[in-house]
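Thanks for coming. I have one structure to go through today, and I will keep to what can be read from the coordinates. Please have a look at it first.

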Amino acid sequence: MRLYNSLTRTREELPPAPGPIRMYVCGSTVYQRIHVGNSRPFVLAMWVKRWLESQGYVVRLVHNITDVDDHVYEEAAKQGIDSRVLADRATAWFFEDTNDLGLGRPDVEPRASETIPEIIALVRELIGRELAYESQGDVYFRVARFGEYGRLSGAQLEDMIAQEPSELKEDQRDFALWKSQKAHEDAAWDSPWGLGRPGWHIECSAMAEKYLGPDFELHGGGNDLRFPHHENELAQSLGAGRPFARVWMHNGMLQLDAEKMSKSLGNVVTLRNVLDVWGREALLLFHLSGHWRQPVDFNDEVMAQAAAQAESLRNAFRSPGAPGREEEFRAFEKALNDDFNTPQALAVLHEWRREQKVGLMRRGLEVFGLASLAVPDTAPSDVQRLAHERQAARDARQFAQADELRDQIEAAGWEVRDATGGFELVPRPG
RNA sequence: GGCGCCGUGGCCGAGUGGUUAGGCAGAGGCCUGCAAAGCCUCGUACAGCGGUUCGAGUCCGCUCGGCGCCUCCA
């Protein structure tokens with residue numbers, strides 16, 4: 001299995017099975033329903049986990065929930081509710097929506113608010129190493145003192161400008177590890193520097209170490225996190241003497257009208273909405289259709305194409321098929337083991353579909369959480385009765401009556417298809 | 001301005017030097033009482049211009065166009 005590593009800009013071989021593969025993936029900030037764009041790193045992480053496990057690896061996936069953040073305070077204030085209440089509510093939405101993807105859960109889903117002691121310990125360590133300094137209740141990371149700063153993003157320190165300008169910083173390029181409590185912030189934690197809360201980046205360094213140890217194999221997240229978030233994570237952990245992540249996977253952004261879907265631009269479609277309108281299978285097929293590193297456009301047309309694909313795959317399981325030979329699975333493995341090339345793997349699935357090798361199909365689809373496509377449909381008894389009546393009419397060559405019964409079946413939401421030696425009932429799409 | 005990515009047939013989208021990617025849509029046909037599903041056939045695709053090479057979508061250069069990051073963002 002090899003994967004493209006953003007840090008080294010090459011494809012790198014993963015250690016052989018059983019690994020272990022320790023993975024950390026940056027999750028969402030919870031203050032509203034997540035959008036479809038947010039589903040991409042989650043889906044990718046779960047697929048990689050499921051695939052590696054099916055290949056005999058031992059995988060531990062940590063996916064964090066950022067529940068302490070400026071946005072949480074702001075949104076809570078706007079709604080006039082307690083910020084912890086909002087964070088808990090949005091966390092519940094997050095679980096609800098991602099559960100409906102039907103991919104299972106990461107092994108650990110820690111929250112920033114539950115990792116405060118570890119965060120404080122790490123900040124103290126960085127201060128001890130003179131890589132960080134306290135300034136009126138805030139603590140900042142001393143960027144210029146960390147020689148490798150810029151390695152991940154490829155940026156030169158000299159080209160960098162301020163990150164959140166502040167009078168309290170020695171150098172405007174420094175970033176916050178700890179922020180003192182502000183007047184409008186209704187939740188704060190005690191620390192050696194007074195009441196406050198963690199900066200955004202430090203939580204990931206702390207949580208990754210807490211649940212995976214000082215070094216691990218894979219780190220994922222959206223491409224937009226490469227700088228400053230991941231650059232800062234790397235600086236904090238490397239600065240504190242941890243080896244940290246070896247391979248960095250940055251997924252491409254979802255685009256809406258050729259523009260990145262993001263909360264700040266306001267051009268978002270919630271995951272909830274997509275699940276309700278198109279269903280999980282079409283959404284997963286949509287994610288499958290583009291390589292994880294490429295940006296992908298999200299719109300009704302591509303979703304309709306994904307839905308059509310789901311239907312065509314499902315049809316394969318509605319007629320008799322063959323298991324397929326074990327060695328034929330190699331083509332599927334080859335695609336996924338080469339930088340997790342899901343469009344290629346999808347092409348292999350379609351090849352099997354044409355050949356009616358449903359055994360192989362089922363095995364491949366299972367990896368992507370799409371085994372549901374193989375589940376047979378069961379029509380309600382009244383629809384089945386109508387279908388039997390229609391069959392009898394057909395056998396008696398009373399086609400007008402048969403067609404009328406077909407109309408009734410369709411009105412009930414089912415489609416009847418004549419097959420050799422009988423009929424099939426399938427739900428009408430939409 | 002700095003760093004990086006991308007431009008493939010109506011649409012989506014793989015493919016890092018040499019035999020058809022694949023899917024969706026469309027056309028024709030087979031099958032069917034009629035359908036549906038399925039199957040068969042059909043598209044001189046690689047932004048443009050140079051260059052390297054026996055040979056380039058695939059390497060190099062330039063041009064045009066698009067996107068991301070450099071500030072919160074998956």
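I will start with the chain as a whole, then take the RNA, then a few pieces of the fold, and end with some backbone details.

One thing to say at the outset: this is a predicted model. Chain A has 430 residues, and 53% of them count as buried. Its secondary structure comes to 13 helices and 15 strands. Along the principal axes, the C-alpha atoms fill a box of roughly 90 × 50 × 35 Å. To give a feel for distances inside that box, take Glu164 and Ala374: they are 210 residues apart in sequence, and their C-alpha atoms are 51 Å apart in space.

Now the RNA. How many residues surround RNA strand B? The count is 65, and the closest are Trp200, Gly222, Leu225, Lys260 and Glu415. On the RNA side, sugar and phosphate make up 67% of the strand B atoms that come within 4 Å of the protein.

What kinds of residue make up the surface near RNA strand B? By class there are 29 polar, 19 charged and 17 nonpolar residues. The largest share of that surface comes from helix 8, residues 300-316, with seven residues.

Three individual contacts are worth pointing at. In Trp200, a polar side-chain atom lies 3.1 Å from a phosphate oxygen of RNA strand B. Gln309 has a side-chain N or O atom 3.0 Å from a sugar or linking oxygen of the strand. For Asn315, the distance from a polar side-chain atom to a sugar or linking oxygen of RNA strand B is 3.2 Å.

Next, helix 7, which covers residues 271-289. If it were straight, its 19 residues would span 27 Å at 1.5 Å a residue, but its end C-alpha atoms are only 18 Å apart. Where does helix 7 bend? The bend is at Trp278, and it is about 100°. Helix 7 is also mostly covered, with 14 of its 19 residues buried.

On to the strands. Strand 9, residues 215-222, runs parallel to strand 10, and seven bridges join them. If you want one pair to find on screen, Gly220 stands opposite Met249 in strand 10. Strand 10, residues 244-251, is mostly covered: seven of its eight residues are buried.

Strand 7 has a partner in strand 6 and another in strand 8. With strand 6 it pairs in the antiparallel sense over three bridges, and there Tyr140 has Ala176 of strand 7 as its bridge partner. With strand 8, residues 196-198, the pairing is again antiparallel and over three bridges; here Lys179 stands opposite Arg197 in strand 8. As for burial, six of the six residues of strand 7 are buried.

As a reminder, in a regular strand the side chains alternate between the two faces of the sheet.

The loop between strand 6 (138-141) and strand 7 (175-180) holds Glu164, which I used earlier for the distance. Is Glu164 buried or exposed? Its relative accessible area is 52%, so it counts as exposed.

Last, the backbone. There are two cis peptide bonds to show you, both leading into a proline. One runs from Gly19 to Pro20, with omega near 5°. Pro20 sits in the loop between strand 2 (10-13) and strand 3 (21-25). The other joins Phe227 and Pro228, with omega about 0°. Pro228 is in a helix, namely helix 6, residues 226-239.

Then two residues with positive phi. Glu130 has a phi near 60°, and it is not a glycine. It lies in the loop between helix 4 (116-128) and strand 5 (132-135). At a relative accessible area of 43%, Glu130 is partly exposed.

Arg397 also has a positive phi, about 60°, without being a glycine. Its place is the loop between helix 12 (381-395) and helix 13 (399-411). Why does Arg397 count as exposed? Because its relative accessibility is 63%, and the cut-off for exposed is over 50%.

That is what I had to show. I can put any of these residues back on the screen.

Technical notes:
Residues numbered from 1 in each chain as written. Chains lettered and ligands numbered in written order. Predicted model: local features only at pLDDT ≥ 70, side-chain atom pairs only at ≥ 80, totals over all residues. Heavy atoms only, no water. Near = heavy atom within 4 Å. Polar contact = N/O pair within 3.5 Å; in protein donor to acceptor, adjacent residues only side chain to side chain. Helix = DSSP H or I, 4+ residues; strand = E, 2+ residues; numbered from the N terminus. Nonpolar A, V, L, I, M, F, W, Y, C, P; charged D, E, K, R; others polar. Expected span 1.5 Å × (residues − 1). Bend = angle between axes of the 7 residues up to and from the residue. Buried < 20%, exposed > 50% of the residue type's maximum accessible area, 1.4 Å probe, protein only. Pairing = 2+ DSSP bridges.
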